[in-house]
Structures are given as structure tokens and as C-alpha cells.
Amino acid sequence: MKIWDLLKKLLNSNESQYVNNRNNDSKIVTNIVHDLTTENNKNQIETKGKALIDSITSNKITKSYIDNVSLKNISLDMYQSIDIDDDFNMKLIEFNKITKKYENIKSSSVDIDFNKFKLKYDNILNKAQLIAATTINGPLLIIAGAGSGKTTTVVYRVSYLIENNINPESIVLLTFTRKAANEMKDRVSNLMGLQSTSNIFAGTFHSFSNYILRKYSTILGIPQNFTIIDSEDAADIISFIKSEIDLEKKEKTFPAKNRLANIFSMSRNMEIPIPELIIKKHKDIIDFTKEIEELFKVFMQYKKVKNLFDYDDLMDELLDGLEKNSLFKKIINEKYSYIMVDEYQDTNNVQRRIVNLLAGSKNNIMVVGDDSQSIYAFRGANFENIIRFPESFPNCKVIKLEENYRSNQGILNFVNSINDNAKIGFKKYLFTNRNTMWLPKVKGLGSDYDEAVFIADRIIELRDRGIALDQIAVIYRAGHHANFVEAELLKRSINYIKFGGIKFIEKKHIKDVLAFFRVSVNILDEVSWHRILKLLPQIGNIKATRIIQTINQCNGRLDIKDHKIGASSLLKELFVLLVEITNDSLPLSSKLLKIIDFYSPLLKAEVSDFNSRMLDIEVIKKLIQNYTDIEKFLSDFALDPPSNKFNNAIDPLIEEREEKSVILTTVHSSKGLEWYCVFVCHLLDGLFPGVKSIKNIEDIEEERRLFYVACSRAKEELYLTFPSYVSSYNGFFNLPLLDRLLKGLSTMNCRLKQRDQSTLLQRPSKKYTNINSRLKRQ
């Protein structure tokens, strides 16, 4: 039967027919949807899709009707096929050869007398953790499954090093957030005493590089007082340079500054030439390749002249020093004998090379991570690094942490099934000794709205059972996937916090305040000068450029008499302020107060939410009290801003309340967190996995890892939901993610039907009712 005949039948049917002939109509809708997905004419797809949507909306197809359509008539041949090229096949053979060797690792016994140590390692750690913590010589790869006590293992390994009289100054612990480094260091301090950890270097790759480059700047031949710029500053510099150089005019619009900054950074992190990266990832701007390369060269030269280092410069300078300066490498290798790297699956190529060089000839290098949680390729992270570690260190020991302390076995069985279908990676089986068994629930709904209603209903049920709202999370692939859920929660006055939005350090008023300090440290920082000068009335780009040029010609002198632009009294006040805050004898807190006195009237005249922005500036006032050195403050702020506490929280309701809030978050923002109940929503092929990912096998594998991360956040209950279809500018999506990633959904690992009402009567353990959602991982 042709699609329009089917549509006609569907449109002419009344609601009672859907109830009485549900099975037949189910097949009709399935056929219609299939025709839509195989239609080549995009206009026809849109027309037919709208007709189908209108018919479903007008006839109010029941939820159970859509449930029948959702999963039972789906087969793998309905999904867009993925071409696997020869390069990937060769890679697959290589990786399987590496991982196969460690497939059936069995934990050996530990022959150590633990009675002589302060800590009872053998009573606290499980067998695999104990081996990992006490293996301190030679290269070691720890594959730590989700929730397997990775942090605990690292903490006790550091403690074991100290108890074996290893000099704390020779220990380096590299992480991806300062929060993670501080947590590990604090836990070791609590176990061993504060004095034991004071000289351990624990921090991010960038903070380590910043410390080393400044300390050994003379040997490396670089200025010690360089200014660190963040990604937004880098984009602003690119925009400034773009406006200054002549670019060939073309019909197409030249790429935006943030896209260019991303291309420059990815090229360096992935060690791929810009032309090759554009062909691979940015074909739509291939006509601008020559101009982009030219812009990159000017960008790099500009930073060098202005004494500016972006995040990639920090990594590249450290790598160059270790590779090309034998004296520097010798000093570093003699100083640091024990190297540990957390979340190794998130390292990029440059960081991998740095780690290998830090290991030196002693090779006392430990890396820990989970290949199944490598989800940052868009930042340049290379999934291959953790797989190839045994290639870099052939005599390395591999230990798998598989005992899970987070989820019940029902959830773990499902998570394991996701990992089982991965093309590449270390095989692992997560298990728990807990007694609870709760199968994940898979629910197909009629529409986006129905999906949101279902999730909101379940949230209310959970709250009524005593589950704190901050122990409930809704996780999605992209921010807009939560729009209907967000609207439904607002409608029902359910408090929620949405992770995402503008980062704290990227807020305009925060960058404005920091710009005053940055100019006081580096008078050649033109980006900060432009930001400050354009705060003043009647000063735009042209006037600001003239003022900056004059200051440069006068070797940084700030004298209003040097300027012939009809200088205002405010400009004179600005110069006086900047001279005052360069006074080293003035405390940083006093300098900040002077900046606020000058800046706040300008901010108040410009914005309507002045009071809320001043609250953000109060955060800076609190933070700066811990510093005496402005360069260190600016470096710390740029390298690890207070984002975990003050950013990524958009709360549409009141700020102060007794009741906790449901968490709405992307998969990427959920990593490292855990909740009692998790909803993973909008699971349609083309949405999750994203439409751009379903054409490439390596992208599909990353989407599988994203799904693994999302599902492994759940401790007790996991819901997987999807509407029957979503129509957008990208296409018409109606196939569930599950079959593509799981090769057929096993009812042994999840429930496809309406959930068992008996589970609603089970009351949670008291320990889940009042604890914060950002629980520490075991």
C-alpha cells in the first residue's frame, strides 16, 4: 500500500478504531515512518512528516499504542548503515591484539606484611585495588570501570608510596580538574597527616606546566611573567587580528572567531595540519584554508610578541622543553620519580607525549582511566592513548577494577551489555556485592510532550517515596533535548537546576574585572585594554586602538597628556587607577575594591541585572583573599576557574529554598557524578547518537561510550525514554538508539513494558534521602 493511502487511512480513522484495531494500525504507522525515513526528497519528507504528526496529534493516539510501535517492529536493517574503511579495520586488528592479551586477567595474591604499615590496606581495599595500590615500581595501567573506587585506589597508592619512604617531592599526580587533585590530596592528608602531602605536586596538566615553565624559564629561554589567556580571550585575539589584516573577499562568510579558535586548538592537540583538519571536520569552509593558515601564523606570532600563553601554548612549551632541552629534561626526571595520571582516557596526543617523557628511564608511571568513558574527542582527547599504553611501555602491568560500589546488579548488567557491543576496548565485567536488583525501564512515548509528562510523573512518584530531588537526574545528549522536560517541570513547579549555560569565567562582568588586573601585570595585553577602554562612554574600536598604540609608543607610560583624542575625565581616572593597582605594597583585596569602585557605576549604567552581577563579583572578593601574588591569582583563575561551584547552574526558580532540585544535565557534564535515579531521554537514532555521528564508525563508538557514561550514573533506578518521532531541520527521527548500540534489546537486562507498580512501594534507604547530588565517587 502506498504511503498516501496509508496516511489517508490513518487520517480517516477515528479514536475508537485505534483502540479496537491497535495492532493493525501499529503496522500502518510503522510502514509510514519507514517510508518517511527512506524518502529521498526532503520536501516530501517534511510534507509527509507534518501530515503524520498532525494525524497523531488530532487523533490523540494512546500512549500504549505508541509503545507497541516503538520497539517491537524495529530491526537493524532499518538503520542507516555505516561504512567501515580499511584504516579502521587495520586499527581494529591492532587494538584487539593489544586488549586480547589482558582479557582474562586474574588478580594474584599480594605477598606483603601489612602489619608494619599505619594503614590497613588489606582490610580496606578489595583484591584488585590492593594490587593496584601496592604496585609502585614500573609502568602500571589501571582500567577502572565506572564506580569501581578509582579515587580510593589512587589515594591509598599515594599513601603507600609515603609509607614506603618515598620523598613526597618526587611524586606528581596529574588530573583534569583541580577539584579532583585537591580531593585526592586532602584524603591522603587525612590518612597520613598534613605534613606528608604538602610537597606532593597534585594538579592539572596546565597548572603543572605553568609551575614548571615559570620555575625553569631561564633554562627554557622564555619570559617568566607571561600572561595566561583562556579560550574566549584567544577567540577575541583572533577576531582582532582578523579585522587588522586584509583577507581576500569571497562570497561565503568567513568563519567566526570561536570556530577558528577551535580549529587552531584541535590542530595542535591532535597534531593534525590545519588543511587536513579542515578537510576532515570542516569541509564547508575549505575555500578559506589558505586564509585560515595565514591567520594562524599571525595569531601565534601575536601571542609571542605580547607575552601571552593560551592553554595549548602551556602544553607545547613543556613538550618542546622535554624533547629539545636535555638539561631541562634531566632536571625534571631527577626531581620527579613517581608519575601518576588520572582519567588517562581523556589525554590528547601532546599530553601523552609529555607523560611518556616525564616517566624517564625509571618508568615509575601509573595511569588510571576507563576506555569506555572516553567522551572528549571534540576537545582533542585521543581514545587510542589508553589502548596503546602497553605499546609505549611493553613491560607494563594491567589491572582491572571491576567491583562496582555505585549501582545495583540490574543496572550493571545493562551497562555491561553496552560495553560488550563495543568494537574496541578492554573487556570488563562490572559486578557488585549488593543484594538489590532493579532492571532498567525502557519507555517509548507518543511525543516529546508525552515523554516530558512521563518523566515528571515519575519524579513526583520518587519524591513521594522519599527520594530527595537532588538525587534525581535527567540526562540528555544535547541541551535542546531537555526543552519539553524543562517546560513540564516549570509547569508543575518542580525545582530544577540545569547544568550548562555561560561559564562563570566567561561572564562579561567577570572578564571585565579581571581585565584591569591583567593590564596591570602585562601592559601589552591589547585584548584586556580593548575590553577596559570600551567600557568608557564614546570610546569604540577606533579610539581604543589609537589609545593603545600611543601607550605602546610611550613604552607603557600612562599619562593623559600623551593622548590627543579629547580625553575624558574617565580616561584620566582609569590611568590613575591602573597606576595605583601596580603598586606592589597595596594588598590585592584593596586593589580589587578600587577596581570595583571605578567599574560598578559603568556596569550599573549598562545592565538591568546589576545586583545579580555584583553577587558574582563578590565571589572574586572572597577568592582573592587567599592570594598575595596577582600573577598566581590570574593563572589559577584562568587554569581552573571556580566553575564547579559558581557556574553551570541556571535556576529559573528562587535561589534560596528548603527543597532540593532535580538535575538536568548533558552526558558530558554528568561524568563523575551519580544519582539514585537517572532518566536518559530522547533516545532516538539521529538525536542520540547525533545525526552527524551515524555516518562514521569511530563517532558511533564514541556515542556508545557516551551512552555507557549516562547509564552508569544511576545507583538504584534507570529509565530510558524516547518519543515515537522527532521532526527537525536535521530530518525525521523515529528509530530508538537501543537497537543500534545493543544489537537487539535483551529483556534479561531491561524491561520494555510499563514498569511494575510493585517497585513503587519500595522505600529507599535513608542514606539516599538527604545527601547532595554531587556525591564523591567511592
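1. Ground rules first: two strands count as paired if DSSP finds at least two bridges between them. Strands here are DSSP E runs of at least two residues, helices are H or I runs of at least four, and both are numbered from the N terminus. You're looking at a predicted model, where local features need pLDDT of at least 70 and side-chain atom pairs count only at pLDDT 80 or more, while totals for chains, interfaces and linings use all residues. Residues are numbered from 1 along each chain as its sequence is written, and side-chain values use heavy atoms, with hydrogens and water left out.

2. One open sheet has six strands with parallel pairing, in the order β3-β2-β6-β7-β1-β8. Its edges are β3 (201–204) and β8 (397–401); each has a single partner strand, so one side of each lacks a neighbour in the sheet. From one strand to the next the twist averages 15°. Angles are taken between N-to-C directions, from 0 to 180 degrees, with axes as lines fitted to C-alpha atoms (for helices, over the stretch in contact).

3. Look at the β8 edge: strand β1 (residues 140–144) pairs with β8 in the parallel sense over five bridges. Ile143 has Lys400 of β8 as its bridge partner. Helix α21 (residues 384–392) packs on this sheet, touching β1 and β7 (365–369), and its direction makes about 150° with that of β1. Helix α12 (residues 205–215) lies across β2 (171–175), β3 and β6 (338–341), running at about 120° to β3.

4. Another open sheet, also of six strands with parallel pairing, has the order β9-β14-β13-β10-β12-β11. Here β9 (441–445) and β11 (496–498) are the edge strands, each pairing on one side only. The twist averages 20° from one strand to the next. Three bridges join β11 to the parallel strand β12 (residues 662–666), and Tyr496 has Val662 in β12 as its bridge partner. Across β10 (472–476), β11 and β12 lies helix α24 (residues 483–491), at about 150° to β11.

5. Which strand holds Thr721? That's β14 (residues 714–723). With 0% relative accessibility, Thr721 counts as buried (buried is under 20% relative accessible area, exposed over 50%, partly exposed in between; 1.4 Å probe, protein chains only). Beyond its neighbours within four places in sequence, the contacts of Thr721 include Lys443, Leu445, Phe454 and His682, a contact being heavy atoms within 4.5 Å.

6. Helix α28 (residues 569–580) checks out on length: at 1.5 Å a residue its twelve residues should span 16 Å, and the end C-alpha atoms are 17 Å apart, which agrees. The expected span is 1.5 Å times one less than the number of residues. Buried in α28 are Leu571, Leu574, Phe575, Leu577 and Leu578. They cover an arc of only 160° around the axis, which puts them on the same side of α28; the arc is that of the directions from the helix axis to the C-beta atoms. The buried residues of α28 pack against α25 (508–521), α26 (526–533), α27 (541–553) and α29 (588–606).

7. On aromatics, a search of the whole structure finds 29 pairs. Rings of Phe, Tyr and Trp (its six-membered ring) pair if their centres lie within 6.5 Å; planes under 30 degrees apart are stacked, over 60 edge-to-face, the rest tilted. Phe517 and Phe633 are edge-to-face, 6.4 Å centre to centre with 70° between the planes. Phe517 is in α25 and Phe633 in α31 (residues 630–639), so the pair ties together parts 116 residues apart in sequence.
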